[in-house]
Amino acid sequence: TALQITDRANIVLRVLSCLKACGVQNVVMMPENGGIRHHVRRGIDRSESQRTNEFPTLRHLDWKITGTVADTMRAAAEMKDIGVSAIIVLGGDGTHRAVVTACGDVPIAGISTGTNNAPSFSAISKP
């Protein structure tokens, strides 16, 4: 993928911090096996030990993942069913499509982290 696990975890931590700053107290995250959860937990634990209180309470949906798009759709449907106010999606086009398919009328905020969304750089010469 375009981004390392630590980069993805840092995006999640920044999003969580922004949510807390906006008054969000509780966040639900889907289960995953890639290691993002571990790095996010480490960041939250560090914040708690430093007493910065910069993150909302985080809980994870609790089920074994299959590693398929069905996980994304299941998570979006469960989040809709428990009444979340919005879903923040990290992923590429396919992940975003899967969430939209399953989330009903729950608004989503997309953060593009897919393979084809890697930043590209080009040199522009001055005239």
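Helices here are DSSP runs of H or I with at least four residues, strands are DSSP runs of E with at least two, and both are numbered from the N terminus.

**View 1. The whole chain, from end to end.** With those terms in hand, the chain reads α-β-α-β-α-β-α-β along its sequence. That comes to 4 helices and 4 strands. This is a predicted model, so local features need pLDDT of at least 70 and side-chain atom pairs count only at pLDDT 80 or more, while totals for chains, interfaces and linings use all residues. Residues are numbered from 1 along each chain as its sequence is written, and side-chain values use heavy atoms, with hydrogens and water left out. Of the 127 residues in the chain, 32% are buried; buried means under 20% relative accessible area, exposed means over 50%, and partly exposed covers what lies in between (1.4 Å probe, protein chains only). Take the contacts (heavy atoms within 4.5 Å) between residues at least 6 apart in sequence: 56% of them join residues at least 24 apart.

**View 2. Strands E1 and E2, side by side.** E1 covers residues 26–29 and runs parallel to E2, with 4 bridges joining the two. For scale, two strands pair if DSSP finds at least two bridges between them. Zoom in on Val-27 and you'll find Leu-58 of E2 opposite. E1 has two faces: Val-27 and Met-29 sit on the covered one, Asn-26 and Val-28 on the uncovered one. E2 has its own alternation, with buried Leu-58 and His-60 pointing to one face, and Thr-57 and Arg-59, which are not buried, pointing to the other. This fits the general rule that side chains in a regular strand alternate between the two faces of the sheet.

**View 3. His-60 and its surroundings.** His-60 belongs to strand E2, residues 57–60. Its relative accessibility is 16%, so His-60 counts as buried. Who does it touch? Skip the neighbours within four places in sequence, and His-60 is in contact with Met-29, Met-30 and Arg-37.

**View 4. From E1 over H2 to E2.** E1, helix H2 (residues 36–49) and E2 make up a right-handed β-α-β unit. Right-handed here means that, with the strands pointing away from the viewer, the path from the first strand over the helix to the second runs clockwise. The loop between H2 and E2 holds Arg-51, and Asn-53 has its place there too. Arg-51 has phi near 55°, a positive value in a residue other than glycine. Asn-53 isn't a glycine either, yet has a positive phi of about 50°. Arg-51 is exposed, with a relative accessible area of 72%, and Asn-53 counts as exposed at 55% relative accessibility.

**View 5. Helix H1 against helix H2.** The axes of H1 (residues 5–21) and H2 come within 8 Å and cross at roughly 50°. That makes H1 oblique to H2. The contact takes in Ile-5, Thr-6, Arg-8, Ala-9, Val-12, Leu-13 and Leu-16 from H1, and Ile-36, His-39, Val-40, Gly-43 and Ile-44 from H2. A note on the geometry: axes are lines fitted to C-alpha atoms, for helices over the stretch in contact, and angles run from 0 to 180 degrees between N-to-C directions. Angles under 35 degrees count as roughly parallel, over 145 as roughly antiparallel, 65 to 115 as roughly perpendicular, and the rest as oblique. The H1 and H2 crossing is right-handed: the near helix is turned clockwise from the far one by less than a right angle, whereas anticlockwise would be left-handed.

**View 6. Helix H3 against helix H4.** Here the axes of H3 (residues 69–82) and H4 (residues 93–102) come within 8 Å and cross at roughly 40°. That makes H3 oblique to H4. H3 passes H4 in a right-handed crossing. On the H3 side, Val-69, Thr-72, Met-73, Ala-76, Ala-77 and Lys-80 meet Thr-95, Ala-98, Val-99, Thr-101 and Ala-102 of H4.

**View 7. E3, H4 and E4, with Gly-104.** E3 (residues 87–91) and E4 pair in the parallel sense over 5 bridges, and Gly-91 stands opposite Ser-112 in E4. Together with H4, E3 and E4 make a right-handed β-α-β unit. Gly-104 sits in the loop between H4 and strand E4 (108–112), and counts as exposed at 51% relative accessibility. Between the C-alpha atoms of Gly-104 and Asp-81 there are 9.6 Å, with the two residues 23 apart along the chain.
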